[in-house]
Amino acid sequence: MQPHESTELEYVGFWARTGAALIDSILVMIVALPLLYAIYGAAYWDSTAMVIGPADFVINWLLPAAFVLALWIKLSATPGKMAVGAIIVDARTGGKPSTRQFIIRYLGYYVSMIPLLLGILWVGFDARKQGWHDKMAGTVVVRRKGGATQPVKFDATDRA
């Protein structure tokens, strides 16, 4: 991916990124919940343990990480980010981040969530709309200005 012209892009704000995360979470749940039920049954939801067993760890921790990292490395976005027209780019160059940056960014989500989600909420206050995970990895989330839709045009000669 080539670096982008900064005049055609805007930083993606808190609410669009929240919507993207919601979409991604729903997609992961569509896969994870039936698998967990098939393996552990209804008793899975009665447990207070952080991890019930090996399948729980694989389904809830490893598969989502592999899914997200694979999409970031291939497309610089997840389905949720694509739905809002966003991609992750290197904060310095505007080009595609390295695999190392993506891994740091993913691990940075955990750091961002530990203090009452402060690192995630930071997106709403930061001038470049970076969460702590973005700052750690040297990335920003951007999209084309004006979104992906066509502007509204009216033909003054066509009156209905």
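Is D134 buried or exposed? At 0% relative accessibility, D134 counts as buried, because the cut-off for buried is under 20%. The model is predicted. This report starts with the whole chain and then returns to D134.

## The chain as a whole

The chain has 160 residues, and buried residues make up 32% of them. Its secondary structure comes to six helices and three strands. Along the sequence they follow the pattern β-α-α-α-β-α-α-α-β. Many contacts link remote stretches of sequence: among contacts with a separation of 6 or more, 64% join residues 24 or more positions apart. The chain exposes about 10200 Å². Carbon and sulfur atoms supply 68% of that area.

## Helix 1

Helix 1 covers residues 14-40, which is 27 residues. At 1.5 Å a residue, helix 1 should span 39 Å. Its end C-alpha atoms are 36 Å apart, which agrees. Helix 1 also bends, by about 30° at M29. Just after the helix, G41 takes a positive phi of about 75°.

Which residues of helix 1 are buried? They are A16, R17, A20, D24, A32 and L36. An α-helix has 3.6 residues a turn, so residues three or four places apart point the same way. The buried residues of helix 1 pack against several elements. Four of these are helices: helix 2 (54-75), helix 3 (79-83), helix 4 (99-113) and helix 6 (132-137). Strand 3 (139-144) is also a partner.

## Helix 4

Helix 4 has 15 residues. At 1.5 Å a residue it should span 21 Å, and its end C-alpha atoms are 22 Å apart, which agrees. Helix 4 bends by about 25° at L107. Its buried residues are Q101, F102, R105, Y106, G108, Y109 and S112. R105 has a relative accessible area of 0%.

## Salt bridges

Side chains of opposite charge can pair when their charged atoms come close. How many salt bridges does a search of the whole structure find? It finds five. The table shows three that are among them.

| Salt bridge | Closest N to O distance |
|---|---|
| E8 and R144 | 2.5 Å |
| R17 and D134 | 2.7 Å |
| D134 and R105 | 2.9 Å |

Take E8 and R144, which form a salt bridge. The pair links distant parts of the chain, 136 residues apart. E8 sits in the segment before strand 1 (9-11), and R144 sits in strand 3. E8 is partly exposed, with a relative accessible area of 32%. R144 is partly exposed too, at 48%.

Next comes the salt bridge between R17 and D134. R17 lies in helix 1 and D134 in helix 6, so the pair ties together parts that are 117 residues apart in sequence. Both R17 and D134 are buried.

D134 also meets R105 in a salt bridge. D134 lies in helix 6 and R105 in helix 4, so this pair ties together parts that are 29 residues apart in sequence. R17, R105 and D134 are thus linked in a network of salt bridges.

## Around R17

Why does R17 count as buried? Its relative accessibility is 11%, and the cut-off is under 20%. Beyond its salt bridge with D134, the side chain of R17 makes a polar contact with the side chain of H133, at 3.3 Å. Leaving aside neighbours within four places in sequence, R17 is in contact with V12, R105, V123, K129, Q130, G131, H133, D134 and V141.

## A buried loop residue

Where is A77 found? A77 is in the loop between helix 2 and helix 3. A77 is buried, with a relative accessible area of 1%. Not counting residues up to four places away in sequence, A77 touches L71, W72, M82, A86 and I87. A77 and V89 are twelve residues apart in sequence. Their C-alpha atoms are 9.5 Å apart in space.

## Back to D134

D134 is buried at 0% relative accessibility. Its side chain meets R105 in a salt bridge, and D134 forms another with R17.

Conventions
Residues are numbered from 1 along each chain as its sequence is written. This is a predicted model: local features need pLDDT of at least 70, side-chain atom pairs count only at pLDDT 80 or more; totals for chains, interfaces and linings use all residues. Side-chain values use heavy atoms; hydrogens and water are left out. Helices (H or I, at least four residues) and strands (E, at least two) are DSSP runs, numbered from the N terminus. The expected span of a helix is 1.5 Å times one less than its number of residues. The bend at a residue is the angle between axes fitted to the seven residues ending there and the seven starting there. Buried means under 20% relative accessible area, exposed over 50%, partly exposed in between (1.4 Å probe, protein chains only). Contact means heavy atoms within 4.5 Å. A polar contact is a pair of N or O atoms within 3.5 Å; within protein, one must be able to donate a hydrogen and the other to accept it, and residues adjacent in sequence count only if both atoms are side-chain atoms. A salt bridge is a side-chain nitrogen of Lys or Arg within 4 Å of a carboxyl oxygen of Asp or Glu. Accessible areas come from the Shrake-Rupley method with a 1.4 Å probe; for residues, only the protein chains shown count as cover.
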